[in-house]
Each structure stands twice: as C-alpha cells, then as structure tokens.
Amino acid sequence: MSTSLSTPAGPGARRTSPDPVARPAHDRRRSDRMRAWATRAPLLPALVFLIAVTQLPFVATLVISLFDWNSLDPDERAFTGLSNYALVFTDPALRESVLTTVLLTAAVVVTAVVLGLLLALLLDRAFPGRGLVRTLLITPFLLVPVSAALLWKHALYNPEYGLLNGALTWVAGLFGDESPAQPDWISEMPLLAVAASLVWQWTPFMMLILLAGLQSRPAETMEAARLDGAGAWQIFLYLTLPHLRRYLELGILLGSVYIVQNFDAVFTLTSGGLGTANLPYTIYQTFYQAHEYGLASAAGVVVVIGTIVIATFALRAVSSLFREEATRA
C-alpha cells in the first residue's frame, strides 16, 4: 500500500514547501553578503577616520571659500558665492604665484626625470659596490623635506662657509686666483636655488621608478637585438625608451603632484621672497598673515582640484602599466 502526498493545485492554493532551486541561491547570496561585510568590517574604523581627517576638513574649506571672511574683522563676514574664486584668477599676486608654481614644477620634474634616467641606466649595470651606491643615491629622498632645505641653505648655499663657495675658492686657487667671487646663491638666483634643492631630493624617486622599468625589460628581446647587430644607442632608442614610456609617465605625474604642493623648500630657503612664492606659500601668507580665510580657502580648493586632475592621470598610468605587465605575464 502506497500513499502519495500532493499539494493543492487550485488557483487559490498556496505553496507549503520552498523551491529547492531558489532557496539555495538565496542562501548563497546572503552568505556572500555576510562574508563581504565580515571582510570589510575591520576596515570601517580606518574608513571613518580617513573621512574625518580628510573629507570633513575639505568640506569645511569649501564652505569657507564661499565667504568674505577676515579673522581680524569677524563681524563683517558675508556670503559672497564664487567671488573668491574669481579673485584667485584675477589677483596679480596669485597669478604670479601660479606661474611660479608651473615653472618650478616643470623645471624640477623634467630635470629630475633626466638625471634619474641616467642614474637608472648606470645602476642597471652590474659593478662592484652597486648595492652601496644605490643606497647612497636613495638617501636624499629619505630626508625630511625641511631638513633637506636647511642642508642646502646652510651647508651649500651659505656665502661665507658654504660648500659651493668653498669649491669655487679651491678651484680658483688651482689657477692662481686667491680671492674669487663668492656669490650669494639664494639672493642672486633664488628660484634656481629652490629648484636645485628639490631636484636633488626628487631625482632618487625618479631613479627608483625608472630602474624598476629597466629591470622589467624582456631579456630575450634585448639579447635578440644584440645578436642582430643593434648598437647600444639603437637598443635604447627603439627598445628601452618605448618600454619605459609608462614608467616615465608615472614618474612625471607623481612628481608633479608632489612638487605642486611643495611648501618646505620655498619657506625654508627664501621665505617666499625674490619671486619664489608658489601657490602653497601664497595660500599660507593669505591665511596666516593677511588673515583672509575665504580667499585662502578658495585658493586651496583650486590647488586640490588641480592635484586631483594630475592624480587621475597618474592612476590611469599606473592601471595601464599593471595591465601591460599582466598581459606580458
């Protein structure tokens, strides 16, 4: 005797047992969501902290930039909309600081990339003591920016006891000139003095990026080119340089992001005088010396937007570089 269980089939009938296919799929989705939250949960405190220390101050800066706000006369604070941004682009001092920022950034980044490429080509060769040389060349990048600027200001540029004038005296003595000219480097060539200190500090950064690119070249292709009779210059021009294109882009973009925001060298070496005031230093002067909170905040927002634009290109360069490496692998 057999019995069979059947469910009502009428139009008003209701299911009494779950769908055996839908239920496991629902459970899997729920399990995946719980696993994802369990993975992200340890990162939530860091995310909250990051938002609190970066995004909230930026929002506050954005709000302040819409006001005419001088801290010496707080009762006269008034909402002015975008007038501070218009002043940023029309004020002669701010325009000059923007031009100085562009010139300083371009000069430092281009020079550091060229020197970094030459040093990377040197370190790509095997020679005794290469590890020690690499460590010594990286050292300037590891220094605190203010310390590096102070080193250049006192140890190298000082007209009385600086290393540069001492070297000039020594060279002139070899040719019989006992009293050579002792230039005041910072006063006579201020922007060049700032740029030289930044190039010295950022050349190791470019060198590391380009050295990584050189060491990722396919050895088979380089060996085949040598067997085919290609010279060193031809290999560099037609194989090495195209391979380094992404690394060069990455170094230029990342270097630009940091140099645009540089404050330490200008503040330490020249205090923004002699035509060396870049945009970050001008913002500092506007905020802390002129007490124009609204105008300084507007200029700061402009700097942040410009940095974000440059960083976006840098991230695209990094992602395309990783895609190329994955494809090659």
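Ser-256, once its neighbours within four places in sequence are left aside, is in contact with Thr-105, Val-109 and Ile-310. This serine has its place in helix α12, and it counts as buried because its relative accessibility is 13%, under the 20% cut-off for that class. The model described here is predicted, and its secondary structure comes to 15 helices and two strands.

**The protein as a whole**

- Of the 329 residues in the protein, buried ones make up 32%.
- When contacts between residues at least 6 apart in sequence are considered, 69% of them join residues that are at least 24 apart.

**The nonpolar cores**

- The largest nonpolar core has 39 residues, and the members that touch the most other members are Leu-104, Val-108, Tyr-157, Val-194 and Leu-198.
- At least two residues of this core come from each of the helices α4, α6 (145-156), α8 (185-188), α9 (190-214), α12 (245-260) and α13 (264-269), and α9 gives the most, with 13 residues.
- Tyr-157, one of the core members just named, touches Trp-152, Leu-164, Trp-185, Ile-186, Leu-192, Ala-193, Ala-196, Ser-197 and Leu-269, if residues up to four places away in sequence are not counted.
- A second core, separate from the largest one, is made of eleven residues, and among them are Leu-94, Ala-298, Val-301 and Val-303.

**Helix α4 and its contact with α3**

- Helix α4 has 32 residues, which at 1.5 Å a residue should span 46 Å, and the distance between its end C-alpha atoms is 46 Å, so the two values agree.
- Where α4 starts, a side-chain oxygen of Asp-91 reaches to within 3.2 Å of the backbone nitrogen of Ala-93.
- Two packed helices are described by the angle between their axes and by the distance between those axes.
- For helix α3 (residues 83-90) and helix α4 (residues 92-123), the axes come within 5 Å and cross at roughly 65°.
- On the α3 side this contact is made by Leu-87, Val-88, Phe-89 and Thr-90, while on the α4 side it is made by Pro-92, Leu-94 and Arg-95.
- Sorted by character, the residues of the contact of α3 with α4 comprise five nonpolar, one polar and one charged.

**Thr-270, in a loop**

- Thr-270 has its place in the loop between α13 and α14, and it is classed as buried because its relative accessible area is 12%.
- A polar atom of the Thr-270 side chain lies 3.2 Å from the backbone oxygen of Val-266.
- Apart from neighbours within four places in sequence, Thr-270 is in contact with Ile-186, Pro-190, Val-194, Ala-265 and Thr-276, and of these partners Val-194 is also one of the residues that touch the most other members of the largest core.

**Glu-292, in another loop**

- Glu-292 is found in the loop between α14 (279-289) and α15 (293-328), and with a relative accessibility of 24% it counts as partly exposed, because that class lies between the 20% limit for buried and the 50% limit for exposed.
- Although Glu-292 and Asn-70 are 222 residues apart in sequence, their C-alpha atoms are 4.7 Å apart in space.
- Not counting residues up to four places away in sequence, Glu-292 touches Asp-68, Trp-69, Asn-70, Thr-286 and Phe-287.

Definitions and conventions. Residues are numbered from 1 along each chain as its sequence is written. This is a predicted model: local features need pLDDT of at least 70, side-chain atom pairs count only at pLDDT 80 or more; totals for chains, interfaces and linings use all residues. Side-chain values use heavy atoms; hydrogens and water are left out. Axes are lines fitted to C-alpha atoms, for helices over the stretch in contact, and angles run from 0 to 180 degrees between N-to-C directions. Helices (H or I, at least four residues) and strands (E, at least two) are DSSP runs, numbered from the N terminus. Contact means heavy atoms within 4.5 Å. Ala, Val, Leu, Ile, Met, Phe, Trp, Tyr, Cys and Pro count as nonpolar, Asp, Glu, Lys and Arg as charged, and the others, Gly among them, as polar. Buried means under 20% relative accessible area, exposed over 50%, partly exposed in between (1.4 Å probe, protein chains only). A nonpolar core is a set of buried Ala, Val, Leu, Ile, Met, Phe, Trp, Tyr and Cys residues joined through side-chain atoms within 4.5 Å. The expected span of a helix is 1.5 Å times one less than its number of residues. A polar contact is a pair of N or O atoms within 3.5 Å; within protein, one must be able to donate a hydrogen and the other to accept it, and residues adjacent in sequence count only if both atoms are side-chain atoms.
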